[in-house]
Amino acid sequence: MENLSEKAAFIRESLLRSQTITDSMVAILGSFDHRLSALETAMRPTQIKTHSIRRAHENIDKTLKAAEVILAQFDLTRKAEAKILRGPHEDLESYLEAIDQLRSNVKFFSSNKSFKNSDGILNHANNLLAKAILKLEDEFRNILTSYSKPVEPDRLIDCLPNSLRPTQGSPGQQGDTPNRGPERPNRSLEHAVYTAPTLIPPRVLPLLHDLAQQMVQAGHQQQLFRTYR
């Protein structure tokens, strides 16, 4: 009996110790929870500020990228303007590229009307484009006029086949054979091969084509027709 009493007392004492340890752990864990809640409350303003700073940084990056695109368009416009002011005489190909670039810039600023000074830029670019087209019209007229000279009759005769070219004895021969004269020209015309005269050098035709294409894009078809006629 004494042995059982001792074991029961030992078990009771162990349970009391276990309960004491459990209560102590619960108190410690409760203290941790309170401290964590306090730490979270203290960190919340910092987290909000960090999030705001991150968003501000992202907005700044987007703004800088948009500004770089706009500044690049300004730079391209400035270069195109310099080429257009020099005129098409020095470098026609570069001049046409400048007009295409200016049209691209007009399209860019037209689609970005939220930009503060977009209206002023568009007015300047459109005025510059109109001046460029007028210079193209003058260049087209000058090139066409310089190569639109009357063709000498000898050059036209050289375009005829040998059978139709006039000879010194042809009038007399036609008089000697009046019955066969009308038949020979008809037969010759059926099988004749004509050579068209070269009025404009082949190297000039691509230039005229590019000039005409730019004028058509600008809506100057009537001016183009009047110049050509």
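**Exercise 1. Is Phe 109 buried or exposed, and what is its relative accessible area?**

Keep in mind that you're looking at a predicted model.

*Solution.* Start with the cut-off: a residue counts as buried under 20% relative accessible area. Phe 109 comes in at 2%. That puts Phe 109 in the buried class.

**Exercise 2. Work out which ring pairs Phe 109 takes part in, and how each is arranged.**

*Solution.* Step one: a pair of aromatic rings is described by the distance of the centres and the angle of the planes. The count here comes to two aromatic pairs.

Step two: take Phe 74 with Phe 109. Their centres sit 5.7 Å apart, with 55 degrees between the planes. Planes under 30 degrees apart would be stacked and over 60 edge-to-face, so this pair lands in the tilted class.

Step three: place the two rings. Phe 74 belongs to helix α1 and Phe 109 to helix α2, so the pair ties together parts 35 residues apart in sequence. Phe 74 is partly exposed, at 33% relative accessible area, while Phe 109 is buried, at 2%.

Step four: now take Phe 108 with Phe 109. Here the numbers are 5.1 Å centre to centre and 80 degrees between the planes, which makes the pair edge-to-face. Both Phe 108 and Phe 109 are buried.

Step five: put the pairs together. You get a cluster of Phe 74, Phe 108 and Phe 109, linked by ring pairs.

**Exercise 3. Describe helix α2: its span, its start and its packing.**

*Solution.* First, the span. Helix α2 covers residues 92-110, which is 19 residues. From first C-alpha to last it reaches 27 Å, close to the 27 Å expected at 1.5 Å a residue.

Next, the start. A side-chain oxygen of Asp 91 comes to within 3.4 Å of the backbone nitrogen of Glu 93.

Then, the buried residues. Among them are Leu 92, Tyr 95, Leu 96, Ile 99, Leu 102 and Val 106, along with Phe 108 and Phe 109. Polar residues turn up too, including Ser 94 and Asn 105.

Last, the neighbours. The buried residues of α2 pack against α1 (2-86), α3 (118-146) and α7 (205-217).

**Exercise 4. Step back and sum up the whole chain.**

*Solution.* Begin with the elements: there are eight helices and zero strands. Next, burial: 19% of the 229 residues count as buried. For contacts with a separation of 6 or more, 75% join residues 24 or more positions apart. Finally, the accessible surface comes to about 17,600 Å², and carbon and sulfur atoms own 57% of that.

Notes. Residues numbered from 1 in each chain as written. Predicted model: local features only at pLDDT ≥ 70, side-chain atom pairs only at ≥ 80, totals over all residues. Heavy atoms only, no water. Helix = DSSP H or I, 4+ residues; strand = E, 2+ residues; numbered from the N terminus. Buried < 20%, exposed > 50% of the residue type's maximum accessible area, 1.4 Å probe, protein only. Contact = heavy atoms within 4.5 Å. Areas by Shrake-Rupley, 256 points an atom, 1.4 Å probe, with all protein chains shown as cover. Expected span 1.5 Å × (residues − 1). Polar contact = N/O pair within 3.5 Å; in protein donor to acceptor, adjacent residues only side chain to side chain. Phe/Tyr/Trp six-rings, centres within 6.5 Å; stacked < 30°, edge-to-face > 60°.
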